[in-house]
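Visitor: Please take me for a close look at one part of this structure, the charged side chains that pair up. After that, I would like to see the surroundings they belong to.

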Amino acid sequence: MMCDIMPTISEDPPEIQFGQNEETNFEQLMVNMLDERDKLMETLRETQDSLALTRSKLNDSQKEKDRLMAHLESVLAQDFASMLKELHQAREQLLEKDEEIIELKAERCNTRLLLEHLECLVARHERSLRMTVVKRQAAVAGGVSSEVEVLKALKSLFEHHKALDEKVKLHLPSH
């Protein structure tokens, strides 16, 4: 660029007196150099302005990124805390249900044992209760005694609980 503009400088020792043509060439060379310097300075200023603008945009972008990251961390922290709370609640409910299942199984087992015991008692005493009922009926002349009512109630209760126990067995999963 400058080579195209600048004239060739001779290596001969300079003459003491410049001619008109040489002086004009020197002035032109100086003007060209000053113009080139002005152009370079303008390009430098434009580049510096562009750099400052780019740095400002980068700084703004960095601030926006930091703001968004802080917001994202806040939202994620809240979501995580909420999910953690729900998880703890679900675990507590699961433990409660497990305890309830254990209690129901124990209750079912106890009911079965009680029913078996009741069945044995009814079977063992059924004959003597009937004998007593027959004797009392003969004495009372057609009245229904309380032992018959008790016997019927016990049989009914036994059948009812036996049916309930079978229903519970069908609905509860075994562990």
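**Charged pairs and their surroundings**

Guide: At 41% relative accessibility, aspartate 38 counts as partly exposed; that label covers the range between buried (under 20% relative accessible area) and exposed (over 50%), using a 1.4 Å probe and protein chains only. Before we go on, a word on the ground rules: this is a predicted model, so local features need pLDDT of at least 70 and side-chain atom pairs count only at pLDDT 80 or more, while totals for chains, interfaces and linings use all residues. Residues are numbered from 1 along each chain as its sequence is written, and side-chain values use heavy atoms, with hydrogens and water left out.

Back to aspartate 38, then. Its salt-bridge partner is arginine 37, and the closest N and O atoms of the two are 3.3 Å apart. The rule here asks for a side-chain nitrogen of Lys or Arg within 4 Å of a carboxyl oxygen of Asp or Glu. Arginine 37 has a relative accessible area of 47%, so arginine 37 is partly exposed.

How many salt bridges does a search of the whole structure find? The search finds three, and we can visit the other two in turn. Glutamate 42 pairs with arginine 45, their closest N and O atoms lying 3.8 Å apart. Both residues are in helix 2, three residues apart, which is about one turn of the helix; helices here are DSSP runs of H or I with at least four residues, strands are runs of E with at least two, and both are numbered from the N terminus. Glutamate 42 comes out at 38% relative accessible area and so is partly exposed, and arginine 45, at 42%, is partly exposed too.

The remaining pair is glutamate 64 with arginine 67, whose side chains meet in a salt bridge at 2.6 Å, N to O. These two also lie in helix 2, three residues apart, about one turn of the helix. Glutamate 64 is partly exposed, with a relative accessible area of 36%; arginine 67 is partly exposed as well, at 47%.

Now for the surroundings. The chain's secondary structure comes to three helices and zero strands, in the order α-α-α along the sequence. Only 9% of its 175 residues count as buried. The chain exposes about 15400 Å², 60% of it supplied by carbon and sulfur atoms; accessible areas come from the Shrake-Rupley method with a 1.4 Å probe, and for residues only the protein chains shown count as cover.

Part of that surface is nonpolar. Phe80, Met83, Leu84 and Leu87 form a patch with about 390 Å² of accessible area together. Patch members must have over 30% relative accessible area and no salt bridge; like charges are joined within 9 Å, and nonpolar side chains (Val, Leu, Ile, Met, Phe, Trp, Tyr) within 5 Å. Phenylalanine 80 sits in helix 2 and, with a relative accessible area of 53%, is exposed.

What about the inside? The largest nonpolar core has five residues: Leu115, Leu118, Val122, Leu151 and Phe158. Helix 2 (20-140) and helix 3 (146-171) each supply at least two of its residues, with helix 2 giving the largest share, three. Such a core is a set of buried Ala, Val, Leu, Ile, Met, Phe, Trp, Tyr and Cys residues joined through side-chain atoms within 4.5 Å.

Two residues help us trace the contacts around this core. Leaving aside neighbours within four places in sequence, phenylalanine 158 is in contact (heavy atoms within 4.5 Å) with Leu115, Leu118 and Glu119. Histidine 161, in helix 3, touches Thr111 and Leu115 under that exclusion of neighbours within four places. Histidine 161 is partly exposed at 27% relative accessibility; its C-alpha is 9.8 Å from that of leucine 114, although the two are 47 residues apart in sequence. Across the chain, 72% of the contacts with a separation of 6 or more join residues 24 or more positions apart.

Finally, the cysteines: cysteine 109 is partly exposed at 35%, and so is cysteine 120 at 45%. The disulfide count is zero, a disulfide being a pair of cysteine sulfur atoms within 2.5 Å.
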